[in-house]
Every structure is written in C-alpha cells, then in structure tokens.
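Me: Could you take a close look at one helix packing in this model and show me how it sits within the rest of the fold? I'd enjoy a connected walk through it.

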Amino acid sequence: MTITLPDLPYAKDALAPHISAKTLDFHHGKHHSAYVTNLNKLIKGTDLAGASLEEIIKKTANDDLKAGIFNNAAQAWNHTFYWQSMTPNGGGLPTGAIAEKINADFKGYDKFIEQLKNAGLTQFGSGWAWLVIKNKRLEIMKTSNADTPIAHGLQPLLTVDVWGMPITWTTRTGAAAIWIPSLTILSIGISSTLISFKSRRKCI
Ligand SMILES: [Fe+2]
C-alpha cells in the first residue's frame, strides 16, 4: 500500500483570513506532501510497505532505528488530522453530546479552551496540542515534533499545529498569534470530529 497525500477537506482559501491560501498551499502541498513522499521512500521494500499509516506509527514508535519512518508517518497522520480539525463554518459553541462531555470533564467550555490554549502556548518549539479521550474522559495533551497520541494508544479528537507555517506568513509575532485565529474556526470541528470520528478515520 502506498501512502497517499489526501486532499484538503475544503478549498485552499476557505480558512482565510485566519489561514491564507498561500499558507495552506505551502503547508499541505509542500510540507505535508514531503512527509508522505519521504515515508514511501523509507518503507519501500521493507515489511512496513503494506501497512497503514496508523500501523506504521504504532510499529515504529520508540524504536530509535526507525525514527525517520516514525517521524514522517506521524507527521503525515497529524497533518491529515489537523486539516480535518478545522472548518470554514466553525466558530460557534459546540452542541449536543460533545458539549455535555466538555462541561462534565473540563467544568465548562471556557476552561476547556483555556487548557487547550495553554497546552499550545507552553509547547516549546514545534509540536501539537490535542483533545483526546483517555480512560473515557476528555483530556488535553501536547506532543513535541512528530509525536502523536496514536503512538500512546490514545484516541485524538482534535488537534492544533502549534508551530505551523501560518506563523511564517500570517504573522511574525509569535506562537500565540496562531491560537487566536485558529480557535475562532475550530469549534464546529470539535462536534463533527466526535460525532463522525469513525467514518473520518477511514479517510486517514
Ligand atoms: Fe505543520
């Protein structure tokens, strides 16, 4: 099985002005694409050649000799998940089951957003902030570089690329700047992520 670069789930200009078409073009078309290309080169002719992206991540996690494969596989997975964590129609408060779960596990939406923001803002260097399910509870976690909840047996529901390319082109004021615009477009992503998580995973 060759790992392929999935299309963005929206038009390249759909997230503007929060994330520009130029930024999405570069981040998806160059960076994400490079992880996929590198991964296919690295697994060619190995026992991982027929494996799914998720299987490759799980089989190479914590194996120093396969760090290159893990890094490219995990970044490919994380970026696909990141595109799906945002929507041009977002910005409202979550509703239904996910809203109830957020209230129960974080003691309110504001506290959930505060923890998510804090995870991103305190992630040193590049990495990811995540909403995950751990022991049937919603939790916030952060990971460095390519690391991903998948490698830790956790189910991610939402992610934000902490040190992503948007900083390069939309602002140069620092990591905090990506959070404010990102958070305005991801709320509906939260609801749809949880509700349709199983069907969405088939696309990854
Ligand atoms: Fe990125």
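Reply: Helices α1 and α3 cross in a left-handed sense. This is a predicted model, and in it the two helices pack at an angle of about 145°, their axes being 9 Å apart. On the α1 side, the contact is made by His28, His32, Tyr35, Val36, Asn38, Leu39, Leu42 and Ile43. Facing them from α3 are Gly68, Ile69, Asn72, Ala73, Gln75, Ala76, His79 and Trp83.

Ala76 makes a good place to stand and look around. Setting aside neighbours within four places in sequence, Ala76 is in contact with His32, Tyr35, Val36 and Leu39, and also with Ile3 and Leu53. Of these, His32, Tyr35, Val36 and Leu39 also appear in the list of α1 residues that make the helix contact.

Now for α3 as a whole, residues 67-84. The C-alpha atoms at its ends are 26 Å apart, which agrees with the 26 Å that its 18 residues should span at 1.5 Å a residue. Of those 18 residues, 15 are buried, so α3 is largely enclosed by the rest of the structure. For comparison, 38% of the 204 residues of the protein chain count as buried.

The surroundings of α3 include a nonpolar core. The largest such core has 24 residues, and Leu39, Leu53, Ile57, Ile69, Ala73, Ala76 and Trp77 are those with the most contacts inside it. Two or more residues come from each of α1 (21-43), α2 (53-60) and α3. The biggest share is that of α3, with 9 residues. Apart from this core lies another, of 16 residues, with Ile102, Phe106, Ala129 and Val162 among them.

Ala129 is a handy link to the sheet, since its bridge partner in β2 is Lys142. Likewise, Trp128 has Thr143 of β2 as its bridge partner. Strand β1 (residues 127-134) and β2 run antiparallel and are joined by 8 bridges. The sheet itself is open, with 3 strands in the order β2-β1-β3 and antiparallel pairing. Its edge strands are β2 (137-144) and β3 (155-161), each pairing on one side only. On average, neighbouring strands here are turned by 25° against each other, direction ignored.

And here α3 comes back into view: it packs on the sheet, touching β1 and β3, and its direction makes about 85° with that of β3. Helix α5 (residues 109-121) packs on the sheet as well, touching β1, β2 and β3. The direction of α5 makes about 15° with that of β2.

Two loops deserve a look while you are in this region. In the hairpin of β1 and β2, there are 2 residues between the strands, and Asn135 takes a positive phi near 50°. Lys136 sits in the loop between β1 and β2 and has a positive phi of about 70°, although it is not a glycine. With 7 other C-beta atoms within 10 Å, Lys136 is exposed. The other loop lies between α4 (96-106) and α5, and Lys107 is found there. Phi of Lys107 is near 60°, again a positive value in a residue other than glycine. Lys107 counts as exposed because it has 10 C-beta neighbours inside 10 Å.

Back at helix α1, try Ala21, which lies in that helix. It counts as partly exposed because it has 13 C-beta neighbours inside 10 Å. Not counting residues up to four places away in sequence, Ala21 touches Lys12, Asp13 and Ala16. The C-alpha atoms of Ala21 and Ala11 are separated by 8.3 Å, with the two residues 10 apart along the chain.

Finally, a step back to the whole chain. The protein chain has 9 helices and 3 strands, and from the N terminus on its elements run α-α-α-α-α-β-β-β-α-α-α-α. Among contacts with a separation of 6 or more, 67% are between residues 24 or more positions apart. So if you trace just one element on screen, I'd suggest α3: it packs against α1, gives the most to the largest core and touches β1 and β3 of the sheet.

Definitions and conventions
Residues are numbered from 1 along each chain as its sequence is written. This is a predicted model: local features need pLDDT of at least 70, side-chain atom pairs count only at pLDDT 80 or more; totals for chains, interfaces and linings use all residues. Helices (H or I, at least four residues) and strands (E, at least two) are DSSP runs, numbered from the N terminus. The expected span of a helix is 1.5 Å times one less than its number of residues. A residue is buried if 20 or more other C-beta atoms lie within 10 Å of its own, exposed if 12 or fewer, and partly exposed in between; C-beta atoms are placed from the backbone. A nonpolar core is a set of buried Ala, Val, Leu, Ile, Met, Phe, Trp, Tyr and Cys residues joined through C-beta atoms within 7 Å. Two residues are in contact if their C-beta atoms, placed from the backbone, lie within 7 Å. Two strands pair if DSSP finds at least two bridges between them. Axes are lines fitted to C-alpha atoms, for helices over the stretch in contact, and angles run from 0 to 180 degrees between N-to-C directions. A crossing is left-handed if the near helix is turned anticlockwise from the far one by less than a right angle, and right-handed if clockwise.
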